[in-house]
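Dear colleague,

I am passing on the structure we spoke about, so that you can have it open while you read. My notes on what was found in it follow below.

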Amino acid sequence: IQDDPAGLAKALDLPVPVIPLELPSYQKKENWGASETFYQMVRALAVDSPEVAPTRVRPLCNILGPTALGFRHRDDLVEVIRLLNQLGVDINVTAPLDATVNDLRRLPYADFNIVLY
């Protein structure tokens with residue numbers, strides 16, 4: 001679409017989050033496009049989070065980076081989660097793998113992030 005997709009989405013007042021992306025796919029690699037898409041989604045959705053996080057006892061961590069198409073990402077994720085549990089750390093969100101819109105809104109609640117890839 002050569003017009004203004006962000007303006008069009010805003011004018012339609014859709015009942016779902018719409019995040020406009022400008023990805024020149026012919027100029028960049030697929031991994032860059034996936035990374036940029038995830039970045040824009042987090043920027044658009046995480047700002048809507050309530051300022052007060054739920055109370056908790058153990059530290060809370062986000063695991064960022066694994067995808068469904070990544071070689072060994074699922075195996076790596078199982079191992080990292082196991083190690084974090086042994087250290088007494090709970091997982092807040094794993095994204096983008098299996099993350100929902102509500103998961104992305106919860107990202108600011110974590111004490112720290114682990115970026116795998």
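To begin at the surface of this model, which is a predicted one, there is a nonpolar patch of about 430 Å² that is made by Leu 8, Leu 12, Leu 14, Val 16 and Val 18. Of these residues, Leu 12 belongs to helix H1, which covers residues 5-12. For the protein chain as a whole, the accessible surface comes to about 8,500 Å², and 56% of that surface belongs to carbon and sulfur atoms, while 26% of the 117 residues count as buried.

As to the overall layout, the protein chain has 4 helices and 3 strands, and from the N terminus on these elements follow one another as α-α-β-α-β-α-β. The strands make up an open sheet of 3 strands in the order S2-S1-S3, with parallel pairing. Strand S2 and strand S3 (112-115) stand at the edges and have a single partner strand each, so one side of each is left without a neighbour in the sheet. On average, and with direction ignored, neighbouring strands of this sheet are turned by 25 degrees against each other. Between S1 and S3, which run parallel, there are 4 bridges, and Ile 63 stands opposite Ile 114 in S3. Helix H3 lies across S1, S2 and S3, and runs at about 165 degrees to S1.

Two threonines may be worth a look while you have the model open. Thr 94 lies in strand S2 (residues 90-95), and it counts as buried because its relative accessibility of 16% falls under the cut-off of 20%. Leaving aside neighbours within four places in sequence, Thr 94 is in contact with Ile 63, Pro 66, Leu 77 and Ala 99.

Thr 67, by contrast, lies in the loop between strand S1 (60-64) and helix H3 (73-86), and with a relative accessible area of 28% Thr 67 is partly exposed. With neighbours within four places in sequence again left aside, Thr 67 is in contact with His 73, Pro 96 and Leu 97. The C-alpha atoms of Thr 67 and Ala 95 are separated by 7.7 Å, although these two residues are 28 residues apart along the chain.

On contacts across the whole protein chain, residues 24 or more positions apart account for 72% of those with a separation of 6 or more.

With best regards

Note on methods: Residues numbered from 1 in each chain as written. Predicted model: local features only at pLDDT ≥ 70, side-chain atom pairs only at ≥ 80, totals over all residues. Heavy atoms only, no water. Helix = DSSP H or I, 4+ residues; strand = E, 2+ residues; numbered from the N terminus. Buried < 20%, exposed > 50% of the residue type's maximum accessible area, 1.4 Å probe, protein only. Contact = heavy atoms within 4.5 Å. Patch = residues over 30% accessible without salt bridge, like charges linked within 9 Å, V, L, I, M, F, W, Y side chains within 5 Å. Areas by Shrake-Rupley, 256 points an atom, 1.4 Å probe, with all protein chains shown as cover. Salt bridge = Lys/Arg side-chain N within 4 Å of Asp/Glu carboxyl O. Pairing = 2+ DSSP bridges. Axes fitted to C-alpha atoms, helices over the stretch in contact; angles between N-to-C directions.
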